[in-house]
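Let's walk through this model together, beginning with its helices and then turning to aromatic rings and the surface.

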Amino acid sequence: MLKLWKWYQNSLAVHPVKTQVISSAIIWGVGDIAAQTITYSTAKNKHQIQDKDKELKINWKRVATTSLFGFGFVGPVGHFWYEGLDRFIKLQLLMQPKSFRFVATKVALDGVIFGPLDLLVFFTYMGFTTGKSVPQIKEDVKRDFLPALILEGGIWPLLQVANFRYIPVRYQLLYVNFFCLVDSCFLSWIEQQQDAPWKQWLKSFLPLKDQKGQGG
């Protein structure tokens, strides 16, 4: 494990973008395998699986699709986002690194910009890769985006406080990606819930105009 870590550090120093892209692809692929396993176990416990489907069969096409999301979006965009965010706050806002204001500003910008963008791209991308039409994808995003954003909004800021306070910038995406192993399972569970009552309850807090827009 130590040799693997040293190899990763060397690769990151020589080829930072390429290393982030490849590691993101691997981690997101593993995360989807875990997500499928948890989804299968949940469905089995609820007796939603027929006898012929008793054995877990990993959908490798979905694993490849999710891995490609890590490769094509999370890796490159995440790399430049965390590097750029750090430079912007230090050089443009002139904040002292590791200070309370520095960390709080990073967490706020990450939560307002990158978090929602990541969710929006994820749900849209997964919809297209499963062959859904644009209207179907819009309905899925309306159904899943807000509940996911609210629930993740209570967890990710805490994780990012530790990330921005203690983790060097070059390792911040790796830190995020490992927690995305859990996040991948969570997003899969969100999608599986479809029109669950608790989603309707969360959406009830939207302004009336927005609710009418989502209904039509």
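Helices (H or I, at least four residues) and strands (E, at least two) are DSSP runs, numbered from the N terminus. Phe71 is found in helix H3. The model is predicted, so local features need pLDDT of at least 70 and side-chain atom pairs count only at pLDDT 80 or more, while totals for chains, interfaces and linings use all residues. Residues are numbered from 1 along each chain as its sequence is written, and side-chain values use heavy atoms, leaving out hydrogens and water.

Now for the rings. Those of Phe, Tyr and Trp (its six-membered ring) pair if their centres lie within 6.5 Å; planes under 30 degrees apart are stacked, over 60 edge-to-face, and the rest tilted. That rule gives 13 aromatic pairs. In one of them, Phe69 and Phe122 meet edge-to-face, at 5.4 Å centre to centre with 75° between the planes. Because Phe69 lies in helix H3 (residues 60-92) and Phe122 in helix H4 (residues 100-129), this pair ties together parts that are 53 residues apart in sequence. Both Phe69 and Phe122 are buried (under 20% relative accessible area; exposed is over 50%, partly exposed in between, with a 1.4 Å probe and protein chains only). Ring pairs also link a cluster whose members include Trp28, Phe69, Trp81, Phe122 and Phe164.

What about Phe71, buried or partly exposed? Phe71 is partly exposed, with a relative accessible area of 42%.
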